[in-house]
Amino acid sequence: LLAEEIRRPVHFEAASFDCGGIQKDGFTIDGPATLAEYARVHEANLARLADEQAFLRNQGVQAVVSDVASFPLRVAHALGIPGIAVGNFSWEDIYAPLVVENRSYEKMLEEIASEYRLATKAIRL
């Protein structure tokens, strides 16, 4: 779709910055497993922050659009370029009720929220 709609050369670089929800079945999120996996992903993200900044800088990236991971917004903010969140939810919204039952992840949830607050613009679908 994007290749058809964007009328100039664009380079897409695949990367993963969140884990979504770990599901027990087609309808049920496994809260403890999801939070534990996101904590692992979050630590990996923080460890590669400088590498992500260098990559974007070297590529001459002028804006970051994220559907709907919060970490890319942190990277964009650190570089002083626009960071745009696109989605109909945030992981903060999804994880908040899980954290109520797993309070040891409250700091992580706040870090997700702080990354979303770094967005230059949020587009809700």
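The lining of the second largest pocket in this predicted model comprises 8 nonpolar, 2 polar and 2 charged residues. Strand E2 (83–87) and strand E3 (121–124) are the elements that contribute two or more residues to this lining. The lining residues include Val68, Phe89, Tyr116, Ile123 and Arg124, and the space in the second largest pocket amounts to about 180 Å³.

The largest pocket has a volume of about 1,100 Å³. Its lining consists of 30 residues, and those nearest the centre of the pocket are His11, Val61, Ala63, Val64 and Val65. By class, the lining of the largest pocket divides into 19 nonpolar, 6 polar and 5 charged residues. H3, E1 and H4 each provide at least two of the lining residues, and H3 gives the most, with 4 residues.

Helix H3 (residues 49–59) merits a closer look. Its buried residues are Leu49, Glu52, Gln53 and Leu56. These residues lie on the same side of H3, because they cover an arc of only 100° around the axis. The general geometry of helices gives the background: an α-helix has 3.6 residues a turn, so residues three or four places apart point the same way. On the other side of H3, the exposed residues are Ala50, Asp51 and Asn58.

The cover over the buried residues of H3 includes helix H2 (31–47), strand E1 (64–66) and helix H4 (71–79). Of these elements, E1 and H4 also each supply at least two residues to the lining of the largest pocket. Just after H3, Gly60 adopts a positive phi of about 70°.

Terms used: Residues are numbered from 1 along each chain as its sequence is written. This is a predicted model: local features need pLDDT of at least 70, side-chain atom pairs count only at pLDDT 80 or more; totals for chains, interfaces and linings use all residues. Side-chain values use heavy atoms; hydrogens and water are left out. Buried means under 20% relative accessible area, exposed over 50%, partly exposed in between (1.4 Å probe, protein chains only). The arc is that of the directions from the helix axis to the C-beta atoms. Contact means heavy atoms within 4.5 Å. On a 1 Å grid over the protein atoms alone, a cavity is a set of points where a 1.4 Å probe fits but cannot get out, and a pocket is an open set with protein on both sides within 12 Å along at least five of seven lines; lining residues have an atom within 4 Å of a point. Grid points are joined across faces, edges and corners, and a volume is the space filled by probe spheres set on the points. Ala, Val, Leu, Ile, Met, Phe, Trp, Tyr, Cys and Pro count as nonpolar, Asp, Glu, Lys and Arg as charged, and the others, Gly among them, as polar.
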